[in-house]
Amino acid sequence: MEIKHTILGLFIYQAMGFYFLALLTAFLKYRKISLFIYFLGFLASVSALIYRGIYVGHFPLQNLFEVFLFLGALIFPISLFSIKFLKTNDYIMDIIIGIIILFPVGFIFSAQPQHLPPILQSVLFVPHVLVYMLAYVVMAKAALLAIKQLTSTNNYEILAYKMACVGFPLLTAGLML
Amino acid sequence: MKKPVYNLTLFLFPFLAGLCVYTSFLGAERAEDFFTSQPLVVFWVLSIILATISLFKFIKLRKAHLLLIHVGTILIIFGSMVASEKGHELVAHITKKVKPVQGQMVIYVGQSSNQLYDRSKNMSYKLPFEIHLKDFEIENYPSCNKQVKDYISKVEIIKDGRVVKKADIEVNHPLHYADFHFYQHSYDDKQRKYTVFNVVSDNGLYIVFTGFGAMFLGIVWYFWFYELRKS
């Protein structure tokens, strides 16, 4: 367990706090307030990402800490995309995924900047990681929707299929990059 | 004809998935040996034949996106076969020119070599040109002297006694010359007097790339612009 007593840590814990609050208000059916707090969590995680990028002097996608931090910020746009284009009104699972992603960032991974070894300094490294991570989050959403289908009377099957349709080409792109 | 093709395809896909799971526990080298073994060559040939017959027999597969996925898959399998050891032997048999699949070159600073050594087969080959190693450098990160940023081999290609190309070979920046890729592989870590290149033939490589491109286009088209819109 590594608690981060830094400005970066402050942003990360702030983002986690907002995500928790958003989850709580979503459970209490305050949808608009919940979405607003979720957005604040997104802003905090983007701030953490920008701060990290400036601090280390490279695009923050070069180790697990940075990749997970990036994913924590990515979850909100993915939710918006799902709501707007895939008509999945349920974003509670996204917030849960966001919290799960940010937990190791805040408490497990070391924030110590690391240089990449020569073998990983390819121009395709960042797009490869980015596309794969995006695919994993989308596929995780599809998996959770499919599990929800098992325990619910609502029809989540189509939504799960839509998410898989979004994620599968991303996995193929990651394979090629 | 349609039903046997359909049934055989239904059998081949889970079989291939099973093989992939099995070989993932073998490690890269043994997996490569396994996938290029004779029974598997039969399997790949059968897959190409089935995929080609399917294109003629199943009208649905002639939709552009499915066609791209199908043709892409055929190209990937075919390109991989061309790139394999047996593929090289077949090409050598037809063209009467022996071309190694891969090998390693050890070159000392200030010296030239055209010797390629294949450790797995314990055989040497002579390239039709020489590589002269002008210099070998190691760059470290300024903030951390112990951590290596890059390995750079400065080389010249010499053919018929004259320099035809100059290049810096770095990790992730291989040199491509005469249908071979030269990758920075290793070096003399004590005195830095020599460098080691991994040399790989590019036979079939661009067929595989084209196949992956076609398959990716087909998959994006099918899932994002067909299935998502439909559902």
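Let me begin with the area buried between chain B and chain A, which is about 1,700 Å², with carbon and sulfur atoms giving 70% of that figure. I should say at once that this is a predicted model.

Which parts of chain B supply at least two residues each of the side that touches chain A? They are β4, residues 144-159, and α6, residues 205-230. The largest share of that side, 10 residues, comes from α6(B). By character, the residues of the side of chain B that touches chain A divide into 13 nonpolar, 5 polar and 3 charged. Taking both partners, the contact draws 21 residues from chain B and 20 residues from chain A.

Next, the polar side of this interface. The count of salt bridges between chain B and chain A is 0. Polar contacts are present, however: across the interface of chain B and chain A there are 7 residue pairs in polar contact, both residues at pLDDT 80 or more.

For one residue at this interface, please look at B:F223, which is found in helix α6 of chain B. Leaving aside residues up to four places away in sequence, B:F223 touches A:C165, A:F168 and A:P169 of chain A, together with B:L228 of chain B. Is B:F223 buried or exposed? Its relative accessibility is 14%, so B:F223 counts as buried, the limit being under 20%. Sequence and space may also be compared here: B:F223 and B:S186 are 37 residues apart in sequence, and their C-alpha atoms are 43 Å apart in space.

I turn now to the strands of chain B. Strand β2, residues 112-118, and strand β3, residues 123-141, run antiparallel and are joined by 6 bridges. Within that pairing, B:D118 stands opposite B:M123 in β3(B). The hairpin of β2(B) and β3(B) has 4 residues between the strands, and B:N122 takes a positive phi near 55° there.

Further along the chain, strand β6, residues 175-177, pairs with β7(B) in the antiparallel sense over 3 bridges. These two strands form a hairpin with 2 residues between them, and B:A178 in the turn has a positive phi of about 50°. Strand β7(B) also pairs with strand β8, residues 194-201, again in the antiparallel sense, over 7 bridges. In this second pairing B:Q184 stands opposite B:F197 in β8(B). The hairpin of β7(B) and β8(B) has 6 residues between the strands, and B:R192 in the turn has a positive phi of about 55°. As general background, the side chains in a regular strand alternate between the two faces of the sheet.

One residue of β7 deserves a closer look. B:H181 lies in strand β7 of chain B, residues 180-187, and B:H176 stands opposite B:H181. B:H181 has a relative accessible area of 12% and is therefore buried. Its contacts, not counting residues up to four places away in sequence, are B:P174, B:L175, B:H176, B:N198, B:V199, B:V200, B:D202, B:L205 and B:Y206.

One of those contacts, B:D202, brings me to the salt bridges. Side chains of opposite charge can pair when their charged atoms come close. How many salt bridges does the structure hold over all chains? There are 4, and I shall describe some of them.

The side chains of B:D202 and B:K99 meet in a salt bridge at 3.7 Å, N to O. This pair links distant parts of the chain, 103 residues apart: B:D202 is in the loop between β8 and α6 of chain B, and B:K99 is in the loop between α5 and β1 of chain B. Both B:D202 and B:K99 are buried.

A further salt bridge joins B:K154 and B:D168, with the closest N and O atoms 3.4 Å apart. Because B:K154 lies in strand β4 of chain B and B:D168 in strand β5, residues 162-170, the pair ties together parts that are 14 residues apart in sequence. B:K154, at 25% relative accessibility, counts as partly exposed, and B:D168 is partly exposed with a relative accessible area of 39%.

In chain A, A:K141 forms a salt bridge with A:D94, and the closest N and O atoms are 2.9 Å apart. The two residues are 47 residues apart and link distant parts of the chain, with A:K141 in helix α5, residues 125-151, and A:D94 in helix α4, residues 92-107. A:K141 and A:D94 are buried.

Definitions and conventions. Residues are numbered from 1 along each chain as its sequence is written. Chains are lettered from A and ligands numbered from 1 in the order in which they are written. Side-chain values use heavy atoms; hydrogens and water are left out. Contact means heavy atoms within 4.5 Å. Buried area is the accessible area (1.4 Å probe) that two parts lose on being put together, summed over both. A polar contact is a pair of N or O atoms within 3.5 Å; within protein, one must be able to donate a hydrogen and the other to accept it, and residues adjacent in sequence count only if both atoms are side-chain atoms. Ala, Val, Leu, Ile, Met, Phe, Trp, Tyr, Cys and Pro count as nonpolar, Asp, Glu, Lys and Arg as charged, and the others, Gly among them, as polar. Buried means under 20% relative accessible area, exposed over 50%, partly exposed in between (1.4 Å probe, protein chains only). Two strands pair if DSSP finds at least two bridges between them.
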